[in-house]
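The following exercises ask the reader to work through a structure step by step. Each task is followed by its solution.

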Amino acid sequence: MRRLATISKHNITRLSMKLKITFLALLTAFGGFVQSQTYQELSGRNTLNVITTAVPFLMIAPDARAGSMGDVGVSSNPDVYSMHWNPAKYAVMESDMSVGLSYSPWLRNLVPDMNLAYLAFAKRVDQNSSVAATLRFFTLGDIQFTDEFGGDNGTYRPSEWALDATYSRKLTDHLSGAVAGRFIYSNLTLGQNVGGASTSAGISAAADVAVYWEKEVAMFRDIDSRLAWGINISNIGTKLGYSSSSIKKDFIPTNLRFGPTLHLTIDDYNEISFSLDVNKLLVPTPPIYKRDSVTGNPIPIPGTDKYEILSGIDDEVSVVAGILQSFYDSPGGFEEEMRELSLSIGAEYWYNKVFAIRGGAFYEDATKGNRKFFTLGAGLRYNVFGLDFSYLIPIDSRNNPLQNTLRFALTFDLDANKNRK
């Protein structure tokens with residue numbers, strides 16, 4: 001995997017453990033298709049070239065509502081969990097104040113005690129602006145650490161968390177914008193000595209920039225309709241590493257998310273909406289390196305810690321350069337750039353604003369992670385309380401680590417504006 005290759009490239013060769021925690025962390029983002037090598041032929045057609053980052057837990061859908069709609073959310077109806085999807089939606093949220101708690105057992109087919117918890121709070125400041133904050137906590141469960149000879153170094157519980165805050169404001173009657181800040185703490189090694197090098201928790205700071213637009217439109221006779229779209233660039237931040245040594249740091253998952261939603265109010269009791277999200281990681285694509293014809297290993301450039309590139313562009317660049325480079329650096333050219341887009345579609349039906357049924361699908365190309373799944377879910381609202389759950393169904397269920405993924409969410413709303421359509 002790229003993480004293991006990176007550590008080897010920086011001369012950390014005597015690992016006291018096999019970085020099982022890093023492998024599990026990568027699985028959170030690439031649960032459907034993770035291979036031991038970054039580059040290999042896939043059915044003789046394309047080259048497997050997965051983009052990996054630090055702290056991939058930031059990309060996991062944290063709430064049950066969006067998780068039941070194929071992981072859509074950039075332009076869906078605003079709720080307290082909008083921070084992850086598009087913080088600009090808070091400016092037009094229905095509630096004066098809202099609190100939410102979501103819980104997701106994660107990759108239970110692989111690890112019995114890996115979990116993601118998400119706490120969200122949103123408060124309207126006035127008619128045009130809102131503030132919100134969220135706390136995301138991810139634990140990888142109990143992991144046994146070993147030394148380089150396989151000796152037991154104890155059992156630990158690595159974890160990661162992120163604290164977010166945002167200010168969202170209406171810019172016009174139909175357009176709102178938001179800027180969010182994020183502090184990220186990733187304690188995967190718990191100070192263990194790795195290959196003679198001391199380790200520490202990884203720390204990063206990031207920001208999101210988002211816009212959201214919605215307007216009533218006359219698309220159907222006798223049916224009130226509202227069209228919305230959103231754009232969110234999330235996790236624009238510093239690289240993250242786990243050592244004070246010469247190990248070079250890794251990108252965090254800077255991501256571009258955009259897409260539309262059509263909401264239809266059929267009558268006083270029935271509403272339905274359809275959403276589409278498009279995602280692209282704004283992180284450099286790994287190049288393909290020249291390999292020795294005898295050993296099959298990458299060919300080093302003398303006097304440096306780099307390797308000769310066969311195709312693509314060097315991915316060891318600054319954060320800003322990496323964001324710009326991510327649009328044109330794929331070794332396979334434009335075709336591979338298009339394969340780096342993942343798609344989510346979702347639908348939500350509400351009866352009398354009390355009971356909801358949801359469904360969706362997620363698609364990611366086989367060469368970029370191969371996550372493909374359907375989702376189902378339901379929601380219930382009673383006075384100020386809300387309860388949601390979702391269930392994930394992978395398209396290929398053979399030993400799929402995402403199989404049987406459940407999410408649960410509890411929401412508490414105050415002073416919801418029932419007149420908003």
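**Exercise 1.** Determine whether Glu316 is buried, partly exposed or exposed, and establish what its salt-bridge partner links it to.

*Solution.*
Step 1. In this predicted model, Glu316 has a relative accessibility of 24%. Buried means under 20% and exposed means over 50%, so Glu316 counts as partly exposed.
Step 2. Glu316 forms a salt bridge with Lys306, and the closest N and O atoms are 3.0 Å apart.
Step 3. Glu316 lies in the loop between strand E15 (309–311) and helix H5 (319–325), while Lys306 lies in the loop between strand E14 (288–289) and E15; the pair therefore ties together parts that are ten residues apart in sequence.
Step 4. Lys306, at 27% relative accessibility, also counts as partly exposed.

**Exercise 2.** Describe the salt bridge between Glu271 and Lys353, and classify each partner by accessibility.

*Solution.*
Step 1. The N to O distance between the two side chains is 2.7 Å.
Step 2. Glu271 belongs to strand E13 (residues 270–281), and Lys353 to the loop between strand E16 (342–351) and strand E17 (355–363). The two residues are 82 residues apart, and the pair links distant parts of the chain.
Step 3. With a relative accessibility of 11%, Glu271 is buried. Lys353, by contrast, reaches 39% and is partly exposed.

**Exercise 3.** Locate the residues of the salt bridge between Glu214 and Arg226, and place this pair among the salt bridges of the whole structure.

*Solution.*
Step 1. The side chains of Glu214 and Arg226 meet at 3.2 Å, N to O.
Step 2. Glu214 is in strand E10 (residues 202–220) and Arg226 is in strand E11 (residues 223–237), twelve residues apart.
Step 3. Both Glu214 and Arg226 are buried.
Step 4. A search of the whole structure gives 23 salt bridges. A network of salt bridges links Arg65, Asp79, Glu348, Arg358, Arg381 and Asp388.

**Exercise 4.** Which residues does Met69 contact, leaving aside its neighbours within four places in sequence?

*Solution.*
Step 1. Met69 sits in the loop between helix H3 (64–67) and H4, and it is buried because its relative accessibility is 1%.
Step 2. Its contacts outside the sequence neighbourhood are Ser275, Ile345, Gly346, Ala347, Glu348, Arg358, Gly359, Gly360 and Thr375.
Step 3. For one of these residues, Gly346, the C-alpha atom is separated from that of Met69 by 4.3 Å, although the two are 277 residues apart along the chain.
Step 4. Two of the listed contacts, Glu348 and Arg358, are also members of the salt-bridge network.

**Exercise 5.** Trace the polar contacts made by the side chains of Asn49 and Ser95.

*Solution.*
Step 1. Asn49 lies in strand E2 (residues 46–49) and is buried, at 1% relative accessibility.
Step 2. Its side chain reaches the backbone oxygen of Pro286 at 3.0 Å. The C-alpha atoms of Asn49 and Glu340, 291 residues apart along the chain, are separated by 9.7 Å.
Step 3. Ser95 occupies the loop between helix H4 (82–85) and E3. Its relative accessible area is 6%, so Ser95 is buried.
Step 4. The side chain of Ser95 makes a polar contact of 3.4 Å with the side chain of Asp413.

**Exercise 6.** How many residues are in the largest nonpolar core, and which residues make the nonpolar surface patch?

*Solution.*
Step 1. The largest nonpolar core has 25 residues. Those with the most contacts inside it are Val55, Phe57, Trp106, Met114, Phe138, Ile184 and Leu240.
Step 2. Apart from this core lies another, of twelve residues, including Ala64, Val80, Tyr90 and Ala409.
Step 3. On the surface, a nonpolar patch of about 830 Å² is made by Val99, Leu101, Leu119, Phe121, Leu135, Leu163, Phe183, Ile203, Phe385 and Phe412. Strand E3 (97–105) and strand E4 (115–124) are the elements that give two or more residues to this patch.
Step 4. Phe121 is found in strand E4 and counts as partly exposed, at 32% relative accessibility.

**Exercise 7.** What overall composition of helices and strands does the chain have, and what share of its residues is buried?

*Solution.*
Step 1. The protein chain has six helices and 20 strands.
Step 2. Of its 421 residues, 53% are buried.

Conventions: Residues numbered from 1 in each chain as written. Predicted model: local features only at pLDDT ≥ 70, side-chain atom pairs only at ≥ 80, totals over all residues. Heavy atoms only, no water. Patch = residues over 30% accessible without salt bridge, like charges linked within 9 Å, V, L, I, M, F, W, Y side chains within 5 Å. Areas by Shrake-Rupley, 256 points an atom, 1.4 Å probe, with all protein chains shown as cover. Salt bridge = Lys/Arg side-chain N within 4 Å of Asp/Glu carboxyl O. Helix = DSSP H or I, 4+ residues; strand = E, 2+ residues; numbered from the N terminus. Buried < 20%, exposed > 50% of the residue type's maximum accessible area, 1.4 Å probe, protein only. Polar contact = N/O pair within 3.5 Å; in protein donor to acceptor, adjacent residues only side chain to side chain. Core = buried A, V, L, I, M, F, W, Y, C linked by side-chain atoms within 4.5 Å. Contact = heavy atoms within 4.5 Å.
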